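Work through the exercises below with the sequence and the 3D view open. Try each task before reading its solution.

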Amino acid sequence: MTIGEIIKSRREELGASLEDVCHGICSESMLYKVEGGTKSFKPETLALILERLGMHNVFDGELITTNDYRYVQTIKQANKMILVGNTEKADEMLSDIQVDYERFSVSTKQRFDMCETLLVEKTVGMSHEQKLDSFEKIIRYTIENFSPLKPPCYFTDSEIRALNVIANCYYYISDLDTGIVILRHLKKYAEEILIDKNYAAHFETIVCNNLSEMLLQCGNYDDAIEIAKDGIRWAKTTNVINEVASGCMYNYAVGLLKRGNKEDIEQARQMAFDAYYTCKVYNIFPKYTKMFKEFYDKNFH
């Protein structure tokens, strides 16, 4: 099966039109020709198309033979090392490909710099302002005139991840309004634009967790409750219970308590217990288990 046939099969499986898939990446005629086997994409264009179709993990040597694929995979593996705390191994992996940096495609440079920034943050330490500056530079690889208060209409997978980090940086420097604008935009994007609904649901849960937390800080309890509830609903559609889903449960409980309605107390208690119990049963980060248990014990025992 050719890469064009794979793309067409996936597109038809999702019920997506040529326009849905190629908007902002390439022309419809180009995609049509690739699906028909008469043209081929540049590696970076192919990466964007596969990402939009939720297929960014299906690369293999038979589909992409350029070095770009190897670089991207190395970056992904290094990022996994960072997530499990093995920053020394991540640093070693990134150092191996740093020498070829100037030969990267734009999308590969973007991925590399995102991963390297996270590594520096973990090992050396960065202020939230420094991290924000770094990620805004990274996203300008592909969105030249990026403005946090006017995000573009369409994103790649890398841009979505970068924007989520940028929103959180604004939160940590106490610019909640800007963080909320970005997250509301991403939430709407996931709901209305993302073609792969499983990926959309996964990303929605992340956005709802972050957004509901920011809304709580602003004292917008009604909105925070609804957003957190939406995040829980999305998490259930993916059958993936993680710290993000339990975070939505926690935010939901906090919002109910802070709103101060007596009729909400029992629901808040149940949601706080669910947040703690899911962390404990699914062996999610101990710090979350501890935090949720302390919240439950303080407010409901």
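Buried means under 20% relative accessible area, exposed over 50%, and partly exposed in between (1.4 Å probe, protein chains only). This is a predicted model: local features need pLDDT of at least 70, side-chain atom pairs count only at pLDDT 80 or more, and totals for chains, interfaces and linings use all residues. Residues are numbered from 1 along each chain as its sequence is written, and side-chain values use heavy atoms, with hydrogens and water left out.

**Exercise 1. Cysteines**

Task: Find how many disulfides the whole structure holds, and say why C208 is not bonded to the closest cysteine sulfur.

Solution.
- Step 1. A disulfide is a covalent bond between the sulfur atoms of two cysteines. The cut-off here is a pair of cysteine sulfur atoms within 2.5 Å.
- Step 2. Searching the whole structure gives zero disulfides.
- Step 3. For C208, the closest cysteine sulfur belongs to C248 and lies 5.8 Å away, so it is too far for a bond.
- Step 4. Check burial. C248 has 0% relative accessibility, so it counts as buried. C208 is also at 0% relative accessible area and is buried.

**Exercise 2. Helices α9 and α11**

Task: Describe how helix α9 packs against helix α11.

Solution.
- Step 1. Two packed helices are described by the angle between their axes and the distance between the axes. Axes are lines fitted to C-alpha atoms, for helices over the stretch in contact, and angles run from 0 to 180 degrees between N-to-C directions.
- Step 2. Locate the helices. They are DSSP runs (H or I, at least four residues; strands are E, at least two), numbered from the N terminus. α9 covers residues 157-172 and α11 covers residues 197-217.
- Step 3. The angle is about 10 degrees, and the axes are 11 Å apart. α9 is therefore roughly parallel to α11. Angles under 35 degrees earn that label; over 145 is roughly antiparallel, 65 to 115 roughly perpendicular, and the rest oblique.
- Step 4. The crossing is left-handed: the near helix is turned anticlockwise from the far one by less than a right angle, while clockwise would be right-handed.
- Step 5. Contact means heavy atoms within 4.5 Å. Residues of α9 in the contact include I160, N164 and Y171; those of α11 include F203, N210 and M214.
- Step 6. The contact residues divide into seven nonpolar, four polar and three charged. Ala, Val, Leu, Ile, Met, Phe, Trp, Tyr, Cys and Pro count as nonpolar, Asp, Glu, Lys and Arg as charged, and the others, Gly among them, as polar.

**Exercise 3. Helices α10 and α12**

Task: Characterise the packing of α10 and α12, then place D230.

Solution.
- Step 1. α10 (residues 176-192) and α12 (residues 221-238) pack at about 35 degrees, with axes 14 Å apart. Their crossing is left-handed.
- Step 2. α10 contributes R184, K187 and E191; α12 contributes D223, I227, D230 and W234. By class, that is two nonpolar, no polar and five charged.
- Step 3. D230 is in α12. It is buried, at 14% relative accessible area.
- Step 4. Leave aside neighbours within four places in sequence. D230 then contacts K187, E191, E204 and C208.

**Exercise 4. Two serines**

Task: Is S174 buried or exposed? Is S246 buried or exposed?

Solution.
- Step 1. S174 sits in the loop between α9 and α10. Its relative accessible area is 65%, so S174 is exposed.
- Step 2. Most residues other than glycine have a negative phi. S174 has a positive phi, near 70 degrees.
- Step 3. S246 lies in helix α13 (residues 243-259). S246 is buried, at 0% relative accessible area.
- Step 4. Beyond neighbours within four places in sequence, S246 contacts A275, T278, C279, I284 and F292.
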